[in-house]
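Let's take a walk through a protein together. Have the chain open in front of you and follow along.

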Amino acid sequence: MAYVKALIITTFLLSLPLTYLLVWRLQYTLSLTRPKPIRHGRRNPREPTHLLIVLGSGGHTAEMIAMLERAVNSPSPQQLDWRDFAHRTWVVGEDDELSATRAKEFEELATSLTSQETAMRGKVRAYTDHGPRSYEIKKVPRARAIYQSPLTSPFSVVRCFIACWSILTHGVYPEDVSAMQHIPADTKGRDYPDIILVNGPATGTVMVLASVALRFFDYKGAATRFRMRTLYVESWARVKRLSLSGRILAHMVDRCLVQWPLLDAKKTGPGRAEFQGCFV
């Protein structure tokens, strides 16, 4: 009995430093003060920018597209210039053809607007002169289907997490690539997303969790490159209480934007929710 008691005490004492290190690492990973990546120009072809957008389905997709359309069409300096992002990745559910179609339509609209604006300003360089501007649509298993049983939901979440991990790490190589002779042409210059934009679907929550895990373990320099800034926008329909995704992500994203003043963290308590007006 004395031996078992001594073993338990020893195990407990040895686990304290490990627990402390894990907690410290998690706090560092989620810290809002982590450095930003150093860039030499917003459209430097040697430092291509990467935007990742997660579309849910139905209302989530409609709100995201409406928000982006408003941002692209807003007058400067609030305008979102689509030319600033050399590559865009749209993530949709594997059976969500409607969201994939909406993403394609928006890309055509945004590209047309930016090219027309460049021509109207009389600039010599068009947006394509700064390097290849491309986008892709990736499909992932749904984190949770409508009316899915809670007993099977964890398995769906794991499948979605693996798919999100694969998307985030696709085409990412260690910073020292000088020794690598064969890099696929379609991933040349690709890196972790600079910004991950989500607005409520469970898939978006899993995508953020995957990015946090990559930074926690510093997988292929995910933490030391200071990329994958996460931005969560709460649904316009949430007036008095955050959604489940919002309550989870309000403590881990870099910025959590709400569209009603009652949801501001200054009024509701802990979390990073901040009211900056309506975006839809």
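A residue is called buried when its relative accessible area is under 20%, exposed when it is over 50%, and partly exposed in between, using a 1.4 Å probe and protein chains only. Keep in mind that this is a predicted model, where local features need pLDDT of at least 70 and side-chain atom pairs count only at pLDDT 80 or more, while totals for chains, interfaces and linings use all residues. Residues are numbered from 1 along each chain as its sequence is written, and side-chain values use heavy atoms, with hydrogens and water left out.

Let's begin with the overall layout. The protein chain has 7 helices and 7 strands; helices are DSSP runs of H or I with at least four residues, strands are runs of E with at least two, and both are numbered from the N terminus. Going along the sequence, you meet them in the order α-β-α-β-α-β-α-β-α-β-α-β-α-β. The chain has 280 residues, and 43% of them count as buried. A contact means heavy atoms within 4.5 Å, and among contacts between residues at least 6 apart in sequence, 67% join residues at least 24 apart.

Now for the aromatic rings. Rings of Phe, Tyr and Trp (its six-membered ring) pair if their centres lie within 6.5 Å; planes under 30 degrees apart are stacked, over 60 edge-to-face, and the rest tilted. That rule gives 9 aromatic pairs. In one of them, Trp-82 and Phe-106, the ring centres sit 5.1 Å apart with planes at 85 degrees, so this pair is edge-to-face. Trp-82 is in the loop between helix H2 (59–73) and strand E2 (87–93), while Phe-106 is in helix H3 (residues 97–120), so the pair ties together parts 24 residues apart in sequence. Both Trp-82 and Phe-106 are buried. Another pair, Trp-236 and Trp-260, has centres 5.9 Å apart and planes at 45 degrees, so it counts as tilted. Are these two buried or exposed? Neither, as it turns out: Trp-236 is partly exposed at 42% relative accessible area, and Trp-260 is partly exposed at 29%. Back with the earlier pair, Trp-82, Phe-85, Trp-90 and Phe-106 form one aromatic cluster.

Next come the charges. Side chains of opposite charge can pair when their charged atoms come close. A salt bridge here is a side-chain nitrogen of Lys or Arg within 4 Å of a carboxyl oxygen of Asp or Glu, and the structure holds 9 of them. One joins Arg-88 to Glu-107, at 2.6 Å from N to O. Since Arg-88 lies in strand E2 and Glu-107 in helix H3, this bridge ties together parts 19 residues apart in sequence. Both of its partners, Arg-88 and Glu-107, are buried. Glu-274 and Arg-255 form another, with their closest N and O atoms 2.7 Å apart. Glu-274 belongs to strand E7 (residues 273–275) and Arg-255 to strand E6, so here too the linked parts are 19 residues apart in sequence. Arg-255 is partly exposed, with a relative accessible area of 39%.

Finally, what about the cysteines? A disulfide is a pair of cysteine sulfur atoms within 2.5 Å, and the count comes to 0 disulfides. Why does Cys-160 have no such bond? Its closest cysteine sulfur, in Cys-164, is 3.9 Å away, which is too far. Cys-160 is also buried, at 0% relative accessible area.
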